[in-house]
Amino acid sequence: MVYLKVSEVAERWNMSKRRVQDLCRLKLIPGAQRWGRDWMIPENAVRPPDGRSKAGKAAKEAAAAHVPLLRKSPILSMTNLYTEPGTADKCIEALSEHPETQSLFMAEIAYSRGQIDEVYRHAREFLMDRSGFYAVMAGGILLGLVAMWEGDIKLWNEAHRHFFDAPCKTDVDRDIIDLAIASTDIAIRDTNKFPDWFARGCFDNLPPDSHPAARVYYIKHLLILAQECALGNAEMKDLGRMGPMRVLPYILEPMISQMVADKIIMAEIYLRLMAAVAYHQIGDDTLGSIHLDKAIRLCLADGLYGPLVEHRRQLGLFLDDHLALIDPQALKKVKTLHKQLHAGWTKLHNAVLDRSVQESLTVRELEVARLAAFGLTNQEIATQLSLSVHTVRSLLDSARDKIGVDRRIDLSLYI
């Protein structure tokens with residue numbers, strides 16, 4: 001058989017070499033084989049139909065109708081496809097007869113392992129194929145997560161364009177789009193575009209498969225609201241600044257119990273980490289430690305460093321100390337990944353929300369500055385973090401010098 005190079009096929013089919021390589025990688029050109037770093041394509045290969053043409057769209061819709069995603073959720077790892085710690089790779093293998101579901105689940109696990117290049121590759125596959133509504137939502141979410149890690153505002157805006165361009169046909173589809181946007185925006189603490197039903201925590205309008213993910217992002221929404229109240233940037237009548245933060249665990253605990261009963265591992269991990277944040281920031285490290293240790297062990301069973309990396313900014317040395325006792329090598333991995341995420345997150349957060357959050361603060365300086373912004377005195381911070389008042393004062397002075405402010409009340413604008 002005679003084979004052609006990618007460049008030759010690209011010229012013959014009047015398309016870019018990158019597009020031909022993507023078609024080969026997605027196994028859309030029968031007989032194409034990888035030779036070293038390049039692809040070789042049979043001379044008699046037929047150009048696949050263009051997904052933007054009527055014929056191409058019809059072909060993709062027909063294929064998607066036969067093998068749809070197994071769950072009506074754009075976040076498959078937060079469904080009952082993944083119910084036992086240590087079985088993520090087995091779950092991927094078990095989905096071999098459902099390639100699109102397998103690819104999406106694989107991408108989400110890759111994200112949870114900090115494999116961002118792999119996530120980007122899968123996102124591009126979903127968004128190029130546009131085989132179905134949930135696949136487009138999934139691709140947009142994945143692209144938004146990559147943008148957060150890279151600090152790429154153009155990629156962030158592209159992810160949102162995919163949400164708005166999705167093949168929406170029903171009211172449920174529109175609500176799923178709102179959920180996808182909420183789950184993406186909340187990653188950088190942007191709650192401006194949440195629909196009323198989401199802000200109330202009412203998910204009756206969503207498919208049951210999407211409920212676990214919706215609960216996780218709803219709790220993230222409440223956690224951000226509680227922190228903004230504590231910083232004096234928002235208000236909930238009659239609760240005071242720290243009131244919402246103290247109420248939050250009473251909402252979290254029954255949700256965690258439900259996830260344990262339903263065996264929704266990924267949702268349990270995120271809810272436990274948020275419970276650890278809430279307990280730690282109100283000074284109850286005893287209960288916070290229970291949730292943190294369980295979350296860490298669930299993560300490490302499958303090498304899921306991503307959730308730990310995402311919450312290190314909130315948990316600080318509380319997380320580091322627990323990880324050091326459980327798995328020192330995992331702590332090194334989390335610190336390495338956090339350095340990448342923190343830089344990208346700060347850049348994107350500031351660009352989207354027009355904020356001035358600082359990247360230069362150490363983990364301990366950030367923790368002390370946050371509690372000071374919450375309104376705690378130096379003595380209260382020292383007691384809560386088991387530090388001396390002198391150490392607290394030195395950390396606050398260092399944080400203020402780096403930020404360039406004199407007053408404690410101004411810290412909330414930069415953390």
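**A small sheet and a helix pair**

Let's begin with the sheet: three strands line up in the order E1-E3-E2, giving an open sheet with antiparallel pairing. Keep in mind that this is a predicted model. At the edges sit strand E1 (3–5) and strand E2 (33–35), and each of them pairs on one side only. If you look at how neighbouring strands are set, they are turned by 40° against each other on average, with direction ignored.

Now zoom in on one pairing. E2 and strand E3 (residues 38–42) run in the antiparallel sense and are joined over three bridges. To find your way there, look for Arg 34, whose bridge partner in E3 is Trp 39. The sheet has a helix packed on it as well: helix H1 (residues 6–13) touches E1 and E3, and its direction makes about 85° with that of E1.

Next, move along the chain to a pair of helices. Helix H7 (residues 133–150) and helix H8 (residues 153–164) have axes that come within 8 Å and cross at roughly 165°. Angles over 145 degrees count as roughly antiparallel, so H7 is roughly antiparallel to H8. As for handedness, the crossing of H7 past H8 is left-handed.

Which residues make the contact? On the H7 side they are Val 136, Met 137, Gly 140, Ile 141, Leu 143, Gly 144, Val 146 and Ala 147. H8 answers with Leu 155, Trp 156, Glu 158, Ala 159, His 162 and Phe 163. Sorted by character, the residues of this contact come out as ten nonpolar, three polar and one charged.

Terms used
Residues are numbered from 1 along each chain as its sequence is written. This is a predicted model: local features need pLDDT of at least 70, side-chain atom pairs count only at pLDDT 80 or more; totals for chains, interfaces and linings use all residues. Side-chain values use heavy atoms; hydrogens and water are left out. Axes are lines fitted to C-alpha atoms, for helices over the stretch in contact, and angles run from 0 to 180 degrees between N-to-C directions. Helices (H or I, at least four residues) and strands (E, at least two) are DSSP runs, numbered from the N terminus. Angles under 35 degrees count as roughly parallel, over 145 as roughly antiparallel, 65 to 115 as roughly perpendicular and the rest as oblique. A crossing is left-handed if the near helix is turned anticlockwise from the far one by less than a right angle, and right-handed if clockwise. Contact means heavy atoms within 4.5 Å. Ala, Val, Leu, Ile, Met, Phe, Trp, Tyr, Cys and Pro count as nonpolar, Asp, Glu, Lys and Arg as charged, and the others, Gly among them, as polar. Two strands pair if DSSP finds at least two bridges between them.
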